[in-house]
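Student: Could you take me through a close look at one part of this model, and then follow the ring contacts elsewhere in the chain? I would like the reasoning spelled out where there is some.

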Amino acid sequence: MDIKTKYKAKKIKAVFFDIDDTLRIKDTGYMPQSITKVFKSLKKKGILTGIASGRAIYGVVPEIRDLEPDYFVTINGTYVIDRKGEEVANLPLDKTIIESFVTWCQEIGIDYGFAGKEKPVVSARKELIDHAMIPVYGLLDVEPDFHLNNDVYHMWTFAENNSELVLPDELAQQVRLVPWHIHSSDTVKLGISKASGLDYVLEKEGLKPENVLFFGDGPNDMEMFDHVGLKIAMGNAVPELKEKADYVTEKVEEDGILHALEELGLVEKELHFPQLDLENVEGPIATIKTNHGDLVVKLFPEHAPKTVANFIGLAKDGYYDGIIFHRIIKDFMIQGGDPTGTGMGGQSIYGESFEDEFSEELYNLRGALSMANAGPNTNGSQFFVVQNVNFPYSAKELARGGWPEAIAERYAENGGTPHLDRRHTVFGQLVDQASYDVLDKIAAVETGAQDKPLDDVIIESIEVVD
């Protein structure tokens, strides 16, 4: 996500969502649990939430209603209500337009439907119609003359060759077709869209389009994308919508909405700290066998994939066998991995230095396994294990500095080197007390010039169990 997109997010005061294949998967009804968190988090921040859908309010499923959005822009912007059900906009179609539409459908031999204020209806019962409508509204009543006695907000075409339908000139001056299904299109009045419906909300709230973020996936989201200040396309969106998007997020089932809002800083990231929950974290186990005992480390490939792959590759090739810990500083760390034993050598499995992999979920706590480097993105083969026990700051001081509370507390309780965070890639953590005992034993050896042990501390081998 680029800086320009993140800058736009600073102006956002309302977030609106399409429903089908954005908040939930239309065909299966699946909605990620993360959506509930999204709505609660946005409301907590004082950001308005809203639904902007081609669906009518009676087609908004209970799990969406339970999110309690502040506004519903429905039936492609023709009927807008607030969370209390009070009307903000009520814009039914002119009767003459509806009659012209029905006449055209009958002349070319296709079926049609109407979205009324209270319910939707169709002109016939056919498998083609049911296939399109049941996932949205269920089995609909057949009322071909519904428009004669009821307000209609938009209409539907139903046809095998739906994508090939062309409105007659006279009707095309009044309405447009918006495809939403292989066999159906919404028929919407010109100048009316979810974007025009949104404007009624903005007027009521005293906001501007630039204050709105919208998530969408389909052709009927085009007008919204052209209108709002920040537009996010789902990973499953149509290509033309992705081209208009400020950012393309993950798919619905991949928590795409939560991911995008976290990246924008509109929802706080839900962090999990593997170093604080080693028993429940999956990952390879590396045993660094030394002449002073074993250091058993759990590795974190999900957080630092390239770094872990490098370490495992070198270990399995025997690269570290016989190498010393060339730099040991008590109450700081023990460093090794350089075959020259000088701190100036070493090579990665990639043949050259590789980039840092910093994670918001990993820190240089006591017992952390981290990469040594000579500056940003200069990782090779050298690593260190944090040993510091004496920690000079309180948890509150560290939390005020921006560290997560749980990490700040662990630093204050057990020690570590927070000044190395975001400077050295953390990719593992000691797993048991025996390993900490060995770490402290190594840290206590006598050293000489350049913090090199007087008697070699040797890595005999590194065994990895994937």
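Tutor: Happy to! Let's start with Val-80, which is buried, because its relative accessible area is 0% and the cut-off for buried is under 20%. Keep in mind that this is a predicted model. Val-80 belongs to strand S4, which covers residues 79-82. Leaving aside residues up to four places away in sequence, Val-80 touches Phe-72, Val-73, Glu-86, Glu-87, Val-88, Ala-89, Gly-197 and Val-201. There is also a link to a distant stretch of sequence: Val-80 and Lys-194 are 114 residues apart along the chain, and their C-alpha atoms are separated by 9.6 Å.

Now for the rings. The count of aromatic pairs comes to 20. One of them joins Tyr-58 and Tyr-137, with 5.6 Å from centre to centre and 50 degrees between the planes, a tilted arrangement. Tyr-58 sits in the loop between strand S2 (48-52) and helix H3 (62-65), while Tyr-137 is in helix H5 (residues 127-137), so this pair ties together parts that are 79 residues apart in sequence. The two partners can be placed by their accessibility: Tyr-58 counts as partly exposed because its value is 24%, and Tyr-137 is buried at 16%.

Another pair is formed by Tyr-320 and Phe-383, whose ring centres are 5.4 Å apart; the planes meet at 85 degrees, so the pair is edge-to-face, since anything over 60 degrees counts that way. Here Tyr-320 is in the loop between helix H11 (305-316) and strand S17 (327-329), and Phe-383 is in strand S20 (residues 383-386), so the pair ties together parts that are 63 residues apart in sequence. Tyr-320 is buried, with a relative accessible area of 1%, and Phe-383 is buried as well, at 0%. Both rings belong to one aromatic cluster, made up of Phe-311, Tyr-319, Tyr-320, Phe-325, Phe-383 and Phe-427.

A charge comes into play with another ring: the charged end of Lys-306 sits over the ring of Tyr-350, at 4.8 Å from its centre.

Finally, some context from the record. An unreviewed UniProt entry lists residues 285-464 as "domain: PPIase cyclophilin-type". Over residues 285-464, the model has 22% helix and 22% strand, and the C-alpha atoms at the two ends are 6 Å apart.

Key:
Residues are numbered from 1 along each chain as its sequence is written. This is a predicted model: local features need pLDDT of at least 70, side-chain atom pairs count only at pLDDT 80 or more; totals for chains, interfaces and linings use all residues. Side-chain values use heavy atoms; hydrogens and water are left out. Helices (H or I, at least four residues) and strands (E, at least two) are DSSP runs, numbered from the N terminus. Buried means under 20% relative accessible area, exposed over 50%, partly exposed in between (1.4 Å probe, protein chains only). Contact means heavy atoms within 4.5 Å. UniProt positions are given in the numbering used here, feature names are shortened, and annotations may be inferred rather than shown by experiment. Rings of Phe, Tyr and Trp (its six-membered ring) pair if their centres lie within 6.5 Å; planes under 30 degrees apart count as stacked, over 60 as edge-to-face and the rest as tilted. A charge sits over a ring if NZ of Lys or CZ of Arg is within 6 Å of the ring centre and within 35 degrees of the ring normal.
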